[in-house]
Amino acid sequence: MSALGALIRRDIRIALRVGGGALIGVLFFLTVTVLMPFAVGPDLALLSRLGPAILWLGALLASLLTLDRLFTADHEDGSLDLIVMSRTPLELACAAKALAHWIAAGLPLIVATPVLGLLLNLDGTATLAVAATLLAGTPALTFTGMIGAALAVTLHRGGLLLAVLVLPLSIPVLIFGVAASQAAISGPLPFGTPFSILCALSLASLVIGPFAAAASLRHGLD
């Protein structure tokens with residue numbers, strides 16, 4: 001457990017450095033949210049209806065933008081080989097790296113959501129609903145994206161492959177995240193139904209993601 005804790009602290013420190021990747025995702029999320037009102041126009045009612053979808057789409061793209069650094073830096077400096085050969089199970093190491101990535105790159109998106117919701121004409125209830133769905137759904141984006149990152153780490157120009165692999169797997173998370181947000185704002189569906197499915201997707205990715213990523217790394221590094 002001490003080795004996993006050290007790995008999590010190390011990845012968080014690297015991600016929060018200048019050029020570490022975490023700040024890039026937050027800036028991209030901020031840029032998408034700020035520019036969207038200019039594209040939609042002065043219709044505040046339309047902007048408030050599109051607000052949850054805009055925030056979720058921005059979070060999805062920001063998460064995808066930073067996923068390529070999940071294993072690439074470790075592969076380039078050789079530390080990934082040490083992680084694979086260590087006594088710590090590779091599945092737990094992959095889960096620890098994904099958790100560190102979510103803390104450094106996913107959690108700031110959730111913290112920024114209440115402020116950015118004001119730009120999209122969302123009231124307090126709507127903003128809290130979107131933040132709650134992001135809190136429940138962004139782990140699924142990270143742990144699902146970890147599979148694509150593990151497959152692409154040993155390939156040259158793996159960024160395009162990462163997008164092709166991860167985007168189809170992220171669509172259900174996007175659908176139920178936006179549906180839960182809309183249900184909390186205007187209905188007619190109850191909030192609990194899509195939110196429960198969103199939590200189930202995150203739990204499923206938490207179980208499947210580390211094993212699939214570990215298998216991909218073992219196969220790719222052999």
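**Exercises on a predicted helical model**

L23 lies in helix α2. The exercises below concern a predicted model.

**Exercise 1.** Determine whether L23 is buried or exposed, and which surface feature includes this residue.

*Solution.* Step 1: the relative accessible area of L23 is 56%. Step 2: a residue counts as exposed over 50%, and L23 is therefore exposed. Step 3: L23 belongs to a nonpolar patch on the surface, together with L27, L30, V34, L35, F38 and L119. Together these residues have about 690 Å² of accessible area. Step 4: helix α2, residues 22-40, gives the most to this patch, with 6 residues.

**Exercise 2.** Describe the secondary structure of the chain and its overall dimensions.

*Solution.* Step 1: the chain has 9 helices and 0 strands, and its pattern along the sequence is α-α-α-α-α-α-α-α-α. Step 2: along the principal axes, the C-alpha atoms fill a box of roughly 55 × 35 × 30 Å. Step 3: for 222 residues, a compact globule would have a radius of gyration near 17 Å; the chain has 18 Å, which agrees. Step 4: of the 222 residues, 45% are buried.

**Exercise 3.** State which residues the UniProt annotation "transmembrane region" covers, and examine the spans 53-71 and 195-217 in the model.

*Solution.* Step 1: according to the unreviewed UniProt entry, the annotation covers residues 21-41, 53-71, 92-120, 126-153, 160-183 and 195-217. Step 2: residues 53-71 are 74% helix and 0% strand, with end C-alpha atoms 29 Å apart. Step 3: residues 195-217 are 100% helix and 0% strand, and here the end C-alpha atoms lie 32 Å apart.

**Exercise 4.** Establish how many disulfides the structure has, and classify C94 and C199 by accessibility.

*Solution.* Step 1: a disulfide is a covalent bond between the sulfur atoms of two cysteines. Step 2: a search of the whole structure finds 0 disulfides. Step 3: C94 has 2% relative accessibility and so counts as buried. Step 4: C199, at 27% relative accessibility, counts as partly exposed.

**Exercise 5.** Locate N121 and explain what is notable about its phi.

*Solution.* Step 1: N121 is placed in the loop between α6 (90-119) and α7 (124-152). Step 2: N121 has a positive phi of about 60°, although it is not a glycine. Step 3: most residues other than glycine have a negative phi. Step 4: the relative accessibility of N121 is 37%, so this residue counts as partly exposed.

Terms used
Residues are numbered from 1 along each chain as its sequence is written. This is a predicted model: local features need pLDDT of at least 70, side-chain atom pairs count only at pLDDT 80 or more; totals for chains, interfaces and linings use all residues. Side-chain values use heavy atoms; hydrogens and water are left out. Patches are made of residues with over 30% relative accessible area and no salt bridge: like charges are joined within 9 Å, nonpolar side chains (Val, Leu, Ile, Met, Phe, Trp, Tyr) within 5 Å. Accessible areas come from the Shrake-Rupley method with a 1.4 Å probe; for residues, only the protein chains shown count as cover. A salt bridge is a side-chain nitrogen of Lys or Arg within 4 Å of a carboxyl oxygen of Asp or Glu. Helices (H or I, at least four residues) and strands (E, at least two) are DSSP runs, numbered from the N terminus. Buried means under 20% relative accessible area, exposed over 50%, partly exposed in between (1.4 Å probe, protein chains only). UniProt positions are given in the numbering used here, feature names are shortened, and annotations may be inferred rather than shown by experiment. A disulfide is a pair of cysteine sulfur atoms within 2.5 Å. The radius of gyration is taken over C-alpha atoms; the globule rule is 2.2 Å times the number of residues to the power 0.38.
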